[in-house]
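Me: I would like to go through a protein model by asking about it piece by piece. Please keep the answers short and show the reasoning.

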Amino acid sequence: MRNFVKSPLFILVVILVVLNIIEGDFNDPVFWIKEKLLLLPAIVIGLSFHEYAHGLASHLLGDPTPKVQGRLTLNPFKHFDGFGFLALLFAGFGWGIPVMIDPRYYKHPRRDELIVSLAGVTMNFIIAVLFTVLLKVIFTYNYNFGGPLLEIMVNIIYINIVLMIFNLLPIPPLDGFGVITQIFNLTKYSWYYPVYDKGFVILLIVVISGVLDKIMIPLISGVYNFLVQWIIYAI
């Protein structure tokens, strides 16, 4: 525990919480609690399906590790890290328990690791599209649909887009780094493991510097607006 408190990840979470306090995110506790409750289904669905997809992909490619470790399930308690979940609520940045894989079982290691890396973000995109289609169908027959249920469904679309884009960033240990690692066979370079080991430090710098927002916000808005506009104009 002492080592974790000193880790870049813990420092990142503390800094983000402090920034949220400064920006007034907790000034209205009732509103904050209501907002988080409406976000909770999206977070549970997004993270659970993301990690399940990694495990399922690795399992289908011949790796028994996810099944042995009980990760072939949509049960969120199998995928949620306690501190990572709290960090997501209070800092706006969190994580689940990474699915352990063993590439030695793969027939084509680079290809199969690429598939596993892409499985989680692909699942998030599929969920976003499915809920967009569901909203389109609902609006087709009920123009007065709204309230908390509508907000929850919109949150599910939005959060899954966020998870998809965030995890595609080419920063270790995110899935995006795994993708470029396999495409360009980065493990053959001497700098690969030192960079991988410093992944959270790099992420800390990217988040605190504001670079992350400049990258993610336009991408998230672009994908989200495309799906929302598709709903509006397709009715």
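Me: Is lysine 36 buried or exposed?
Reply: This is a predicted model, where local features need pLDDT of at least 70, side-chain atom pairs count only at pLDDT 80 or more, and totals for chains, interfaces and linings use all residues. Residues are numbered from 1 along each chain as its sequence is written, and side-chain values use heavy atoms, with hydrogens and water left out. Buried means under 20% relative accessible area, exposed means over 50%, and partly exposed lies in between (1.4 Å probe, protein chains only). Lysine 36 has a relative accessible area of 17%, so lysine 36 is buried.

Me: In which helix is the place of lysine 36?
Reply: Helices are DSSP runs (H or I, at least four residues), and strands are too (E, at least two), numbered from the N terminus. By that numbering, the place of lysine 36 is in helix H3.

Me: How far apart in space are lysine 36 and leucine 89?
Reply: In sequence, 53 residues separate lysine 36 and leucine 89. In space, C-alpha to C-alpha, the value is 6.9 Å.

Me: What is the distance between the end C-alpha atoms of helix H3?
Reply: The expected span of a helix is 1.5 Å times one less than its number of residues. Helix H3 covers residues 29–60, which is 32 residues, so it should span 46 Å. The end C-alpha atoms agree with that, at 45 Å apart.

Me: Where in H3 does the kink lie?
Reply: The bend at a residue is the angle between axes fitted to the seven residues ending there and the seven starting there. In H3 this angle is about 35°, shortly before proline 41. The kink lies at leucine 39.

Me: Is serine 58 buried or exposed?
Reply: Serine 58 also has its place in helix H3. Its C-alpha atom is 8.4 Å from that of tyrosine 106, 48 residues apart along the chain. With 0% relative accessibility, serine 58 counts as buried.

Me: How many residues of helix H6 are there, and at which residue does H6 bend?
Reply: Helix H6 (residues 109–141) has 33 residues, so at 1.5 Å a residue it should span 48 Å, and its end C-alpha atoms are 48 Å apart, which agrees. The bend in H6 is about 35°. It is found at alanine 119.

Me: How many salt bridges does the count come to?
Reply: Side chains of opposite charge can pair when their charged atoms come close. A salt bridge is a side-chain nitrogen of Lys or Arg within 4 Å of a carboxyl oxygen of Asp or Glu. Arginine 104 and aspartate 102 meet in one, at 2.7 Å, N to O, and aspartate 112 and arginine 111 meet in one, at 2.7 Å, N to O. The count comes to two.

Me: Is aspartate 102 buried or exposed?
Reply: Its partner arginine 104 is exposed, with a relative accessible area of 74%. Aspartate 102 has 14% relative accessibility, so aspartate 102 counts as buried.

Me: Is aspartate 112 buried or exposed?
Reply: Arginine 111 is partly exposed, with a relative accessible area of 45%. Aspartate 112 has a relative accessible area of 1%, so aspartate 112 is buried.

Me: How many aromatic pairs does a search of the whole structure find, and of what kind is the pair of phenylalanine 80 and phenylalanine 85?
Reply: Rings of Phe, Tyr and Trp (its six-membered ring) pair if their centres lie within 6.5 Å; planes under 30 degrees apart count as stacked, over 60 as edge-to-face and the rest as tilted. The search finds 15 aromatic pairs. The rings of phenylalanine 80 and phenylalanine 85 have centres 5.2 Å apart and planes at 65°, so this pair is edge-to-face.

Me: Which residues form one aromatic cluster with phenylalanine 83?
Reply: Phenylalanine 83 is found in helix H5 (residues 82–91). Phenylalanine 83 and tryptophan 95 are twelve residues apart in sequence and 8.5 Å apart in space, C-alpha to C-alpha. The cluster joins phenylalanine 83 with Phe10, Phe93, Trp95 and Phe166.

Me: Which peptide bond is cis?
Reply: Proline 173 lies in the loop between helix H7 (147–167) and helix H8 (175–184). The bond leading to proline 173 has omega near 5°. The cis bond runs from proline 172 to proline 173.
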